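Here's a quick walk through this model, written for someone who'd rather get back to the bench. Have the structure open as you read.

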Amino acid sequence: MADVRFGIMGLGRGRKAAEQVANAAGAKLVCVSDLQEEKAKEYGELYSCDWTTDHKEMFARDDIDVIGVYSSSGTHCDYAMEAIAAGKHAFVTKPMDVRVEKCDAAIQAAKGAGKVLAVDFGNRYSLENRQLKAAIDQGIIGKIFLGDVKMKWWREQSYYNGGYPLGWRSRLETEGGSIANQGVHFVDLIYWLLGPVKEVYGRSATMTHDIETEDLSAAQLTFQSGAWGLITTTTSNYPNLGTQVEISGTEGTVRWNQKGGIEITTKDEDSVDLNRFEVPDAPADIAEDMVSAITKGTPPVVSGEEGKKSVEIFNAVYKSSETGQPVGLNQ
Ligand SMILES: NC(=O)c1ccc[n+]([C@@H]2O[C@H](COP(=O)([O-])OP(=O)(O)OC[C@H]3O[C@@H](n4cnc5c(N)ncnc54)[C@H](O)[C@@H]3O)[C@@H](O)[C@H]2O)c1
């Protein structure tokens, strides 16, 4: 079968996606695009592929099947829709977008055009996380009553002033805030592990940076299962303590640490070996995922519909913070 031909736009985090495409069986990196010529040229030369500063030129090529979007967060779905309108499949980095309506529009566009739309959440591809999901689904810690995310990161003001276009990380429209941009990794993780959310109560504030967006959010969630969630995200915590996720069930606890390691302790076992939970073969990353989705018709690991869930949750936190009222979700 012919290789699936990729174009990647946005060569910040998109550099990793370009590398994943270059290394994936059945994938060919045809072109990279960045507004900054030196970046586009550097990565075009590195991967021996074409490069351009004009994404429209890349989207218009008929020798590209799929576009990966790695621009600022509030532009993901607009570019995905542009790619779909040009006849391509599309995937976007996290968050799927800053606004739920944009996610809906992209989902509809992909559906209407019969194209694959996926969201690149690194946590969903890891073997350890997939084994954890299997363990939880098999009831290893019993009935879950609480999921607790503590994301205590440090970001300098220069991080917010930088990026390209300059300062996009400091703006509501293009970044969202600490739960939308950084915390969304763990909002997605806890949604994946604990299921759909019914109600959200949240508060957010800008504590230490000169930005439009929040750098501290705290939320209390009620999942449809009846379990509660507690989510704290900040980029103001010096030093960076990373992220801890704890999940409490009637039979035990999961402790998940971003810096590595998942510990499960139950009433029966001090330390549960995750390797006894068998999981089916799965793509190692977004490049393998898209190759499989396009050539075999397998559903992507995180579809547009699935990627939208975390966007709904962080927007509910923001809305609740504005109104002081809980926000209901119909997930
Ligand atoms: N672990 C992860 O999954 C992860 C990590 C970091 C960032 N991200 C996401 O990646 C996105 C980009 O973040 P970043 O830190 O790489 O930002 P960045 O500002 O460093 O890089 C974005 C790049 O996109 C380019 N770009 C913007 N508009 C473009 C256009 N129309 N055509 C071509 N290139 C264009 C810019 O020139 C820039 O080089 C954000 O949505 C962020 O949330 C994901």
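At what angle do helix 4 and helix 5 pack, and how far apart are their axes? Helix 4 (residues 76–85) and helix 5 (residues 100–113) pack at about 15°, with axes 9 Å apart. Before going on, two ground rules. This is a predicted model, where local features need pLDDT of at least 70, side-chain atom pairs count only at pLDDT 80 or more, and totals for chains, interfaces and linings use all residues. Numbering starts from 1 along each chain as its sequence is written.

Helices (H or I, at least four residues) and strands (E, at least two) are DSSP runs, numbered from the N terminus. Axes are lines fitted to C-alpha atoms, for helices over the stretch in contact, and angles run from 0 to 180 degrees between N-to-C directions. Helix 4 and helix 5 are therefore roughly parallel to each other (angles under 35 degrees count as such). On the helix 4 side, the contact is made by C77, D78, A80, M81 and I84; helix 5 brings K102, C103, A105, A106, A109, A110 and A113. Contact here means C-beta atoms, placed from the backbone, within 7 Å.

Now the sheet. It's open and mixed, with 8 strands in the order 13-12-11-7-10-9-8-14. Strand 13 (262–266) and strand 14 (327–328) stand at the edges with a single partner strand each, so one side of each has no neighbour in the sheet. Two strands pair if DSSP finds at least two bridges between them, and here are two of the pairings:

| Strand pair | Sense | Bridges | One bridge |
|---|---|---|---|
| Strand 11 and strand 12 | antiparallel | 5 bridges | I247 with V254 |
| Strand 12 and strand 13 | antiparallel | 5 bridges | W256 with I262 |

The hairpin of strand 12 and strand 13 has 4 residues between the strands, and G260 there takes a positive phi near 120°.

Helices pack on this sheet too. Helix 11 (residues 304–323) lies across strand 8, strand 9 and strand 14, running at about 60° to strand 8.

Zooming out, the chain is divided into domain 1 (4–121 + 283–302) and domain 2 (124–278 + 311–328), with bounds from an automatic or database domain assignment. Their C-alpha centres lie 26 Å apart. Where they meet, 19 residues of domain 1 are in contact with 17 residues of domain 2.

Technical notes: Angles under 35 degrees count as roughly parallel, over 145 as roughly antiparallel, 65 to 115 as roughly perpendicular and the rest as oblique. Two residues are in contact if their C-beta atoms, placed from the backbone, lie within 7 Å.
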